[in-house]
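User: Please take a close look at one part of this model and then set that part in the context of the whole assembly. Keep the account plain.

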Amino acid sequence: MKDIKIQVNDLSLYYGEKKALKEITMQVPANKVTALIGPSGCGKSTFLRCINRMNDLIPSVSITGQMLVEGVDIYDKNVDVVNIRKKIGMVFQKSNPFPKSIYENVAYGSRINGINDKNTLDEIVETSLRQAAIWDELKDRLGDSALGLSGGQQQRLCIARTLAVSPDIILMDEPASALDPISTSKIEELVHELKEQYTIIIVTHNMQQAARTSDHTAFFYMGELIEMGKTNEIFTKPEKKQTEDYITGRFG
Amino acid sequence: MNTATKEINSSLLSTQNKNTDIKGKLIVGVTQLAVFTIIAVLFIILGIIVYEGREKFSWEFISSFPTNGMTEGGIFPALIGTFILVIVMSIAAVPFGTITAIYLTEYASESSKFAAAVRFSVRTLAVVPSIIFGLFGLGFFIQFIGAGFDTAFNGGQLRWGQPNILWASLTMSLLTLPVIIVSVEEALKTIPRELREASLALGATKWQTIKNVVLPGSISGIMTGTILAVSRGAGEVAPILFTGAAYYLASLPGSLSDQFMNLGYHIYIMATQSSDVEKTMPIQFATTLVLLILTLSLNLVAVVIRSRIRRKAK
Amino acid sequence: MNSQVPTKQNFTKESLKKQFRLSEFLAEKIISSVAFLSIAIIFLIFIFVFKESLPIFSQGKESVKTEMQQSTASNDKPESYGAETESLQPESYGGVEKEELQPESYGGVEKEELQPESYGGVEKENLQPESYGGVEKEELQPESYGGVEVEPLVAEDNSAATAEVKEEKESSIWDSLLTPDWVPVSENPRFGLLSLLIGTLKVTIISMLIAGPIAILAALYTACFASKRTKEIIKPIIEMLAAFPSVVIGFFALMIMATFFQDIFGYDSRLNAFVGGVAMALASIPIIYTISEDALSSIPKTYTEASLALGANKWQTAFYVVLPAATPGIFAALLLGVGRVFGETMIALMATGNAALMSANPFESVRTFAATIGAEMAETVFGETHYSVLFFIGSLLFIFSFGLNALAEFYVKGRLIKKFQGK
């Protein structure tokens with residue numbers, strides 16, 4: 001129980017009539033990096049957004065099945081979606097800093113939680129930026145607009161912003177897809193360091209990235225979970241033919 | 001090779017498409033003429049008003065009271081009355097319009113009947129003739145609220161139950177409400193979905209997201225709406241004909257329960273009911289020029305801000 | 001390494017339990033209620049405009065009775081009624097003078113100069129009580145009224161109307177509404193709406209005949225033929241016309257256009273339906289233009305590309321593909337244009353001459369519904385029949401514009417859905 005963070009049971013998601021996720025059942029281990037791979041449109045991002053209930057924002061979506069996080073069904077009627085999102089942070093594909101200063105971006109989550117004390121905020125901002133390995137680059141320009149940063153810096157700032165609310169699980173939706181190779185490798189290093197403290201689920205279309213960063217890999221295809229296992233096993237001897245075809249580049 | 005294709009092209013044109021080509025040019029010409037006509041008329045109006053109004057148009061004209069039975073002097077009280085009108089109007093209409101726009105973009109779900117009704121109402125408000133607002137102001141604000149207030153609290157003494165600047169401004173605020181709602185809505189829609197999601201993913205509630213991310217991003221939209229509303233409110237006359245505008249006042253309004261002079265109403269009065277229309281012609285044109293400068297420049301500012309928002313959204 | 005994060009369970013039913021957030025709740029409730037206000041305003045407008053016109057439904061007969069009693073002067077009410085009209089409101093008498101005199105003046109004297117004179121005459125009437133008697137005289141001698149013989153039609157109508165006066169007294173106000181006579185302030189006020197309806201329709205038709213084609217053609221040019229740069233210049237300029245206050249357009253029509261057109265066409269009354277119609281066309285062009293342009297530009301690119309790929313010219317595509325596809329939107333634009341003209345007050349007040357005549361001639365003065373409200377409301381007394389009738393006209397205008405908007409909205413939406421989704 002302790003090393004299984006998320007237990008998904010028969011989770012299906014519908015966009016109106018269309019079934020986009022088909023009876024997903026899987027387990028996500030704690031303090032590990034789990035990669036979700038698959039061709040575009042296979043439902044991996046949709047599944048990721050189910051974990052912190054971002055799909056609630058789309059009116060036509062309906063969900064059946066269970067999503068147990070540490071044994072609590074987050075789709076239970078009595079569960080508060082805002083508290084879920086505080087515990088399960090998310091980093092998006094496109095870096096999306098607020099049009100505010102770097103400092104205010106990181107402090108945002110704390111401020112909305114009612115923390116306004118300057119010293120506490122300073123500390124949170126510094127810790128978070130250090131954790132995101134971007135403190136040294138930014139410490140002298142915390143007052144500048146976050147929009148002036150490079151793409152890679154923006155994305156790491158977004159990670160720092162997520163860390164600042166001290167979540168338990170971090171969801172990353174193709175965090176490096178829009179970045180240059182150097183920034184990408186920085187993000188990958190960061191993911192590697194962060195898994196000590198956080199459970200990380202990362203969606204990627206880049207198989208090398210999945211192989212490099214993750215401990216476990218789940219392969220999605222056409223809204224179904226085809227196969228899941230230890231990353232090195234999935235990549236070396238996949239059980240299902242579809243997985244093998246995808247990994248060897250025969251489609252996708 | 002090249003010349004050969006050209007020949008083929010020209011032969012095709014001469015045999016088949018000659019007729020349609022002439023017809024096409026004619027049609028495009030007619031549409032061009034329509035555009036030209038509109039623009040020409042616009043500039044003719046502008047030109048004539050500037051030309052006829054320039055003689056009287058001066059700082060003194062703007063800053064002095066009318067004298068000698070309104071046949072001489074300036075338009076200061078009308079200008080001030082218009083300013084007070086649009087300020088009170090904005091105070092009432094801007095929060096109201098902004099909140100309605102927030103409801104429509106942030107809270108209303110697409111399938112909601114209530115939201116559809118709100119939308120329809122806003123669009124209806126935009127097409128209701130301005131004189132109807134005047135009637136409503138008279139029937140609702142003056143006769144119902146104002147007179148009701150007087151009987152209840154003033155012991156029947158007439159103070160609020162008659163036309164005044166407050167009722168005129170409120171009437172005008174209803175008229176300009178759709179202008180603000182539409183502008184703010186447009187601005188709210190340019191806030192990218194990613195920013196809202198970022199905020200929500202950090203555990204912010206809906207209202208926190210709106211307050212901290214959405215509203216700050218749409219300040220310029222709210223400004224555009226306000227400016228457009230002010231421009232509209234400064235020029236409309238029909239709603240204030242019987243809700244507060246006065247023919248002539250010797251002093252500026254001292255409280256919200258006073259009547260006021262207004263630029264547009266001043267033009268109307270001077271042009272149709274002046275004791276000497278011929279003699280006051282330069283004054284009338286100059287007043288029109290002032291009103292036109294006011295509304296057009298406000299509009300220009302709004303257009304510039306709006307195009308900036310649009311460019312940013314791209 | 002070191003695990004700062006407590007390894008204890010973070011996700012328990014308690015920590016995730018649904019919270020009640022007061023600010024959140026309040027924000028949503030307040031915002032929805034404010035949004036509800038705009039629905040409420042529409043209802044309130046209808047209720048309060050209609051409410052003030054109620055007396056003509058319930059007290060229609062009563063008010064006629066009052067009029068009858070007035071002649072015998074046996075009651076308190078008619079006395080005060082008479083007092084109102086005769087002593088308290090000399091201005092309103094002046095107003096009548098203006099109306100009654102105008103048709104006569106251009107019957108008798110053909111000079112244009114007379115028109116501005118009779119215009120300024122309102123003011124003079126207020127100053128010179130002698131002319132007051134003139135009105136009474138006219139009321140007493142209907143023959144002089146019917147004696148206007150420029151247009152046989154007018155004369156006939158008027159004399160017929162005066163003959164009807166006696167019968168009217170016995171019937172309710174409803175019959176009065178359907179007559180051509182609009183004489184709101186007199187000893188026996190008559191509230192015939194027909195001439196006002198004719199006037200409004202005349203102005204609307206004239207202005208739509210001018211504004212419709214021009215605005216739609218201009219929109220077609222902007223949407224289909226103009227280069228992107230030209231488009232960016234043309235659009236804001238034409239939309240700037242929308243920023244012209246209607247009082248400015250009315251003023252321009254009154255001072256410049258009226259004389260200009262009179263010099264060209266040489267008709268008698270300087271201010272008339274044609275001048276008013278042209279001026280209102282100026283006010284409705286930006287509306288029709290903007291909405292049509294939107295409709296034309298929103299036709300999917302695939303439509304035009306398909307047509308161009310088949311070898312059609314730009315203009316053929318515009319006329320045979322884009323224009324038909326955008327018809328619902330253009331229709332909506334025209335409807336909203338009609339709504340604007342129908343309810344336009346200031347231009348009508350200033351440029352149409354404000355004489356309630358029954359005539360099809362576009363070069364004669366007219367009086368529209370909206371202008372009637374605008375001109376007479378300030379002179380009425382709260383609660384009297386005239387006041388109620390003006391509010392009744394207001395309700396008609398409101399219902400009309402509401403209906404136009406509903407039609408534009410639902411018809412267009414329905415058609416567009418049919419067109420593009422094939423449903």
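In which helix of chain C does C:L22 lie, and which residues does that helix span?

Analyst: The model is predicted. C:L22 lies in helix α1 of chain C, which spans residues 22-53. C:L22 also belongs to a nonpolar surface patch, made together with C:F20, C:F25, C:L26 and C:I30. The area of this patch is about 520 Å².

The chain around this patch can be described next. Chain C has 423 residues, of which 54% are buried. Its secondary structure consists of 20 helices and 2 strands. The accessible surface of chain C is about 19200 Å², and carbon and sulfur atoms account for 62% of that surface. Contacts in chain C between residues at least 6 apart in sequence are mainly long in range, since 72% of them join residues at least 24 apart.

The UniProt record, an unreviewed entry, places the feature "domain: ABC transmembrane type-1" at residues 197-408 of chain C. Over residues 197-408 the chain is 77% helix and 0% strand. The C-alpha atoms at the two ends of that span are 22 Å apart.

The partner of chain C to consider here is chain B. In this interface, 77 residues of chain C are in contact with 77 residues of chain B. The two chains bury about 7000 Å² between them, and 83% of this area is on carbon and sulfur atoms. C:I31, C:F251 and C:W315 supply 9% of the area that chain C buries against chain B, more than any other three residues. The count of salt bridges between chain C and chain B is 1. A salt bridge joins the side chains of B:R123 and C:E409, with an N to O distance of 2.7 Å.

Chain B carries an annotation with the name already given for chain C. For chain B, UniProt places "domain: ABC transmembrane type-1" at residues 79-302, again in an unreviewed entry. That span of chain B is 74% helix and 0% strand, and its end C-alpha atoms lie 21 Å apart.

One residue of chain B can be followed in more detail. B:I309 lies in helix α11 of chain B, which covers residues 281-313. The relative accessibility of B:I309 is 15%, so B:I309 counts as buried, the cut-off being under 20%. Leaving aside residues up to four places away in sequence, B:I309 touches B:T190, B:S220, B:G221 and B:T224. The C-alpha atom of B:I309 is separated by 9.4 Å from that of B:E186, although the two residues are 123 apart along the chain.

Chain B also meets chain A. There, 22 residues of chain A are in contact with 16 residues of chain B. The buried area between chain A and chain B is about 1600 Å², of which 66% comes from carbon and sulfur atoms. A:F98, A:Y108 and A:I112 supply 31% of what chain A buries against chain B, more than any other three residues. The salt bridge count between chain A and chain B is 1. A:R49 and B:E197 form a salt bridge in which the closest N and O atoms are 2.8 Å apart.

In chain A, the UniProt annotation "domain: ABC transporter", from an unreviewed entry, covers residues 6-247. This span is 38% helix and 27% strand, and 25 Å separates its end C-alpha atoms.

Two loop residues of chain A have a positive phi although neither is a glycine. For A:S166 the phi is about 40°, and for A:M222 it is about 50°. A:S166 is found in the loop between α6 (151-163) and β7 (169-173) of chain A. A:M222 sits in the loop between β9 (216-221) and β10 (224-230) of chain A. With a relative accessible area of 48%, A:S166 is partly exposed. A:M222 has 54% relative accessibility and therefore counts as exposed, the threshold being over 50%.

To return to the starting point, C:L22 is in helix α1 of chain C, and the nonpolar patch that includes C:L22 also takes in C:F20, C:F25, C:L26 and C:I30.

Methods: Residues are numbered from 1 along each chain as its sequence is written. Chains are lettered from A and ligands numbered from 1 in the order in which they are written. This is a predicted model: local features need pLDDT of at least 70, side-chain atom pairs count only at pLDDT 80 or more; totals for chains, interfaces and linings use all residues. Side-chain values use heavy atoms; hydrogens and water are left out. Helices (H or I, at least four residues) and strands (E, at least two) are DSSP runs, numbered from the N terminus. Buried means under 20% relative accessible area, exposed over 50%, partly exposed in between (1.4 Å probe, protein chains only). Contact means heavy atoms within 4.5 Å. Accessible areas come from the Shrake-Rupley method with a 1.4 Å probe; for residues, only the protein chains shown count as cover. Patches are made of residues with over 30% relative accessible area and no salt bridge: like charges are joined within 9 Å, nonpolar side chains (Val, Leu, Ile, Met, Phe, Trp, Tyr) within 5 Å. A salt bridge is a side-chain nitrogen of Lys or Arg within 4 Å of a carboxyl oxygen of Asp or Glu. UniProt positions are given in the numbering used here, feature names are shortened, and annotations may be inferred rather than shown by experiment. Buried area is the accessible area (1.4 Å probe) that two parts lose on being put together, summed over both.
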